[in-house]
Amino acid sequence: MEKILPNNVFYDELASDYDNMISFEKAVEIKKKLFKNFVTDEMKFAADIGCGSGVDSISLSSLGLKVISFDPSGEMLKAAEANADRAKAKIDFHNYSADNIPTEFNNNFNLVVSLGNTFANISPEEFSSSLKRCYQILKPNGHLLIQVLNYEKDIVR
């Protein structure tokens, strides 16, 4: 029988190899170019939901945004903090899943991003509350940017 790990445990175990797997430096450069299409001069504060090892957080910070990042994996957060230190990026990291972001962050962000497979890994029971929290932490007229990469393959017969 195949053992399925909870997402935070899976990413805790993957954290030490993650940056090599995604080609971290190249990923940062690609994301900087991507975010230039979304970030406006009026945007000052961004949240990164499911920040992983910090690619998106560092990219947003390099564009002049104050970034606060969230991830349920403590080990991924350690990697993100180390990467931010190397990049000299001032980012606040917090160990919360999307649906558990504290209300103190409500109405704080011009831009909320969640790229990659963060939302693909949220259980159906937590999906709605996670999406709702993303909207609640946005300032009025803020922007939410979500990408869903789902690597699970369904076979249709």
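## Helix α3

Helices in this account are DSSP runs of H or I spanning at least four residues, numbered from the N terminus. In this predicted model, Gly64 lies just after α3 and takes a positive phi of about 95 degrees.

Helix α3 itself covers residues 55-62, and because seven of its eight residues are buried, the helix is largely enclosed by the rest of the structure. The buried residues of α3 are Val55, Asp56, Ser57, Ile58, Ser59, Leu60 and Ser61, a list in which Asp56 and three serines, Ser57, Ser59 and Ser61, stand beside Val55, Ile58 and Leu60.

## Nonpolar cores

The largest nonpolar core has 22 residues, and those with the most contacts inside it are Phe35, Val39, Leu60, Leu65, Ile91, Phe93 and Leu111. The elements that each give two or more residues to this core are the helices α2 (24-35), α3 and α4 (74-87), together with the strands β3 (91-94) and β4 (109-114). A second core of 14 residues, separate from the largest one, includes Ile49, Ala98, Ile101 and Ile122.

Leu65, one of the residues with the most contacts inside the largest core, is in contact with Val39, Met43, Lys44, Phe45, Ala46, Leu60 and Leu111 when its neighbours within four places in sequence are left aside.

## Cysteines

Cys51 has 6% relative accessibility and therefore counts as buried, and Cys134, at 0% relative accessibility, likewise counts as buried, the cut-off for this class being under 20%. With a disulfide taken as a pair of cysteine sulfur atoms within 2.5 Å, the count for the model comes to zero disulfides.

Terms used. Residues are numbered from 1 along each chain as its sequence is written. This is a predicted model: local features need pLDDT of at least 70, side-chain atom pairs count only at pLDDT 80 or more; totals for chains, interfaces and linings use all residues. Side-chain values use heavy atoms; hydrogens and water are left out. Buried means under 20% relative accessible area, exposed over 50%, partly exposed in between (1.4 Å probe, protein chains only). A nonpolar core is a set of buried Ala, Val, Leu, Ile, Met, Phe, Trp, Tyr and Cys residues joined through side-chain atoms within 4.5 Å. Contact means heavy atoms within 4.5 Å.
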